[in-house]
Amino acid sequence: MKASGAAYKPVGLLLGAASGMVAGAVFEQAWKIIEGEGDAPDATDEDRTWTQILLAAAIQGAIFAVVKSSVERSGAVALRRVTGARPG
């Protein structure tokens, strides 16, 4: 492993944790707009329909993937600009 890749590991972990929190907050706001309800359904929530549960899961997954990719890409670009090397 290159030194730049090893240096990026802790930064990548912190960015991953932060992106998870951001994605969760974005999803909560998106769910409020979509359904007008405060809490998104859990898979085990028997008071919600299959449609609500699967829609929530699909939206949450899409938001998480977009936020995660954006954060990882930004981190890689920043590392390349600072060190001249690509992570990994």
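This is a short talk on two helices, a surface patch, and the side-chain pairs in one structure.

Okay, so before anything else: what you have in front of you is a predicted model. Let me start with helix α2, which runs over residues 50-83. Does it come out straight or bent in terms of length? Well, let me put that as a number instead: what should 34 residues of helix span at 1.5 Å a residue? The answer is 50 Å, and the end C-alpha atoms of α2 sit 49 Å apart, which agrees.

Now, UniProt has something to say about this stretch. An unreviewed entry there puts a "transmembrane region" at residues 48-67. In the model, that stretch is 90% helix with 0% strand, and its end C-alpha atoms are 27 Å apart.

Which residues of α2 are buried? You've got Gln 52, Ile 53, Ala 56, Ile 59, Ile 63, Val 67, Gly 75, Val 77 and Leu 79. And just past the end of α2, have a look at Gly 84: its phi is positive, about 85°.

On to the charged pairs. How many salt bridges does the structure hold? Two. As a reminder, side chains of opposite charge can pair when their charged atoms come close. One of the two salt bridges is inside α2: Lys 68 and Glu 72 meet at 3.1 Å, N to O. They're four residues apart in that helix, so about one turn. Both partners are partly exposed, Lys 68 with a relative accessible area of 35% and Glu 72 at 43%.

The other salt bridge joins Arg 48 and Asp 45, at 3.8 Å, N to O. Asp 45 is partly exposed too, with a relative accessible area of 23%.

Let's move over to helix α1, residues 3-35. There's one aromatic pair in the structure. The ring centres of Phe 27 and Trp 31 are 6.2 Å apart and the planes are at 40°, so we call that pair tilted. Phe 27 and Trp 31 are both in α1, again four residues apart, about one turn of the helix. Buried or exposed, these two? Phe 27 and Trp 31 are both buried.

Last stop, the surface. Ile 33, Ile 34 and Leu 55 make up a nonpolar patch, and together they have about 290 Å² of accessible area. Ile 34 belongs to α1, and it's partly exposed because its relative accessible area is 42%.

That's my tour; happy to take questions.

Note on methods:
Residues numbered from 1 in each chain as written. Predicted model: local features only at pLDDT ≥ 70, side-chain atom pairs only at ≥ 80, totals over all residues. Heavy atoms only, no water. UniProt positions renumbered as here; feature names shortened; annotations may be inferred. Helix = DSSP H or I, 4+ residues; strand = E, 2+ residues; numbered from the N terminus. Patch = residues over 30% accessible without salt bridge, like charges linked within 9 Å, V, L, I, M, F, W, Y side chains within 5 Å. Areas by Shrake-Rupley, 256 points an atom, 1.4 Å probe, with all protein chains shown as cover. Salt bridge = Lys/Arg side-chain N within 4 Å of Asp/Glu carboxyl O. Buried < 20%, exposed > 50% of the residue type's maximum accessible area, 1.4 Å probe, protein only. Expected span 1.5 Å × (residues − 1). Phe/Tyr/Trp six-rings, centres within 6.5 Å; stacked < 30°, edge-to-face > 60°.
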